[in-house]
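Biologist: Hello! Could you walk me through this protein, one question at a time?

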Amino acid sequence: MSTTFDFEPKPRRISVGVRVGRVTVGGDAPVVVQSMTNTDTADVDATVAQVAALHRAGSELVRLTVDRDESAAAVPRIRERLARLGIDVPLIGDFHYIGHKLLADHPACAEALAKYRINPGNVGFRDKKDKQFAEIVEIAIRHDKPVRIGVNWGSLDQELLTRLMDENKAKGFPLTAQEVMRETIVQSALLSAALAEEIGLGRDRIILSAKVSGVQDLIAVYAMLAARSDHALHLGLTEAGMGTKGIVASSASLGILLQQGIGDTIRISLTPEPGGDRTREVQVAQELLQVMGFRQFLPVVAACPGCGRTTSTVFQELAQTIEQDLRANMPVWRKKYPGVEMLKVAVMGCIVNGPGESKHADIGISLPGTGETPAAPVFIDGQKAVTLRGARIAEDFQALLADYIEKRFGTGQAAAE
């Protein structure tokens, strides 16, 4: 008996494309990276600075908390300040509890935002729920804005959950409590989307999300949602956590869904470390899409992990410096050097795999390992170009890299000018 494994990604699930400002989510558009500020939106200076940083890092959509009159009043000023900086990243308003009132009382905010996010679990309660949900949808229609209906298990519609639990009990408990919870999340999203369409919001103006914090729950819920709807889907593991735990949990769950062709836009919801950089979540989202082969954001830097042959830290320091320089320069290089994100660089630490890996890269260096001749061959487009020696090997290779980028990718820009 033989077993075959198919590791090729499934074709993208066909969803309805939704235009969010200048960005398309779903349809045949690539998977979109988004993030969210953690500043007080009423603090215009701080929020503009963070949106600008997230945008420079590569966030294609940025969500803001709009929780009170002061934050709603600040949104048009934030949009105006960003425009003066030449930043046109679409802004999404995150509304809970009183979104209907804030949007009605602040029409300039409603107009400045590119999309509204509604949580059906806390848009209103009992007899007010459908009314207040409808008010937000009607404002979205009036301003021609799309809406993300974002269900979250932490604020799940308790009336719907209770009803489904009771129905399950009456049937003799065919489903576990966990399965009922998953079904409640999916139904909450689909019923809300159906209500929005009934009010008049087009299917091409609706994005759905169904966030939980358990990896297996997330995979199951989105598989159910994808099978029962053609709406564009926003993926994200909520409360993913801090550091490596958050990165691993988000990558594991979103990676499986993306491999199955599910997902049109993603966010990696990392808890920042004290004083940490908010743009880290953007970097992780880009790297996830890139390593899976769905998009290319940055040049790839291949570097060996090191072993007993590489007691020198030169290759580690050089690989780190090159990665940092490439990421820092990309906002300018995307315009100056079209196609530079396809570049492949290799920084290897010894003679075992160094020359071979370097030949596979566009430009690569094989640094001397412990006890090896203090020489570093550099390979360009698969051919040995030069051997570097001396104390300035790292600096000399960086100069060769810069020259290679200019010669290979600078031509198109020069011709365009």
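**A friendly tour of the chain**

Modeller: Happy to, and please keep in mind that this is a predicted model. A nice starting point is Ser-358, which, leaving out residues up to four places away in sequence, touches Ala-346, Met-348, Gly-364, Ile-365, Ser-366 and Phe-379.

Biologist: Is Ser-358 buried or exposed?

Modeller: Ser-358 sits in helix H12, which covers residues 354–360. A residue counts as buried when its relative accessible area is under 20%. The value for Ser-358 is 0%, so this residue is buried.

Biologist: Let's step back to the whole chain. How many helices and strands does the chain have?

Modeller: The C-alpha atoms fill a box of roughly 80 × 65 × 40 Å along the principal axes. Within the chain of 417 residues, 50% count as buried. Its secondary structure comes to 13 helices and 17 strands.

Biologist: Which helix gives the largest share of the largest nonpolar core?

Modeller: In soluble globular proteins, nonpolar side chains tend to be buried together. Here the largest nonpolar core has 108 residues, and Tyr-116, Val-347, Ile-365 and Phe-397 touch the most other members. The largest share of this core is eight residues, and they come from helix H7 (residues 177–199).

Biologist: What does Phe-397 touch, not counting residues up to four places away in sequence?

Modeller: Phe-397 is one of the residues that touch the most other members of that core. Its contacts, with those sequence neighbours left out, are Leu-318, Ile-322, Val-345, Ala-346, Val-347, Ile-363, Gly-364, Ile-365, Val-378 and Leu-388.

Biologist: Now for the rings: how many aromatic pairs does the structure hold?

Modeller: A pair of aromatic rings is described by the distance of the centres and the angle of the planes. The count for this structure is two.

Biologist: Why is the pair of Phe-95 and Tyr-116 called edge-to-face?

Modeller: The rings of Phe-95 and Tyr-116 have centres 6.0 Å apart. Phe-95 lies in strand E5 and Tyr-116 in strand E6 (residues 115–118), so the pair ties together parts 21 residues apart in sequence. Planes over 60 degrees apart count as edge-to-face. The pair earns that name because its planes stand at 90°.

Biologist: What is the angle between the planes of Trp-333 and Tyr-337?

Modeller: Trp-333 is buried at 16% relative accessible area, and Tyr-337 is buried at 6%. Their rings form an edge-to-face pair with centres 5.9 Å apart, and the angle between the planes is 70°.

Biologist: How far apart in space are His-234 and Val-31, C-alpha to C-alpha?

Modeller: His-234 belongs to strand E9 (residues 232–235), and with 0% relative accessibility it counts as buried. Among the residues it touches are Gln-34, Arg-148, Tyr-222 and Arg-267. In sequence, His-234 and Val-31 are 203 residues apart, while in space their C-alpha atoms are separated by 9.4 Å.

Biologist: Last one, out on the surface: which residues make the nonpolar patch of about 310 Å²?

Modeller: The chain exposes about 19,500 Å², with carbon and sulfur atoms supplying 54% of that area. One member of the patch lies in the loop between strand E5 (91–95) and helix H3 (99–105), and that is Tyr-97. The patch of about 310 Å² is made by Tyr-97, Ile-98 and Phe-125.

Note on methods: Residues are numbered from 1 along each chain as its sequence is written. Side-chain values use heavy atoms; hydrogens and water are left out. A nonpolar core is a set of buried Ala, Val, Leu, Ile, Met, Phe, Trp, Tyr and Cys residues joined through side-chain atoms within 4.5 Å. Buried means under 20% relative accessible area, exposed over 50%, partly exposed in between (1.4 Å probe, protein chains only). Helices (H or I, at least four residues) and strands (E, at least two) are DSSP runs, numbered from the N terminus. Contact means heavy atoms within 4.5 Å. Patches are made of residues with over 30% relative accessible area and no salt bridge: like charges are joined within 9 Å, nonpolar side chains (Val, Leu, Ile, Met, Phe, Trp, Tyr) within 5 Å. Accessible areas come from the Shrake-Rupley method with a 1.4 Å probe; for residues, only the protein chains shown count as cover. A salt bridge is a side-chain nitrogen of Lys or Arg within 4 Å of a carboxyl oxygen of Asp or Glu. Rings of Phe, Tyr and Trp (its six-membered ring) pair if their centres lie within 6.5 Å; planes under 30 degrees apart count as stacked, over 60 as edge-to-face and the rest as tilted.
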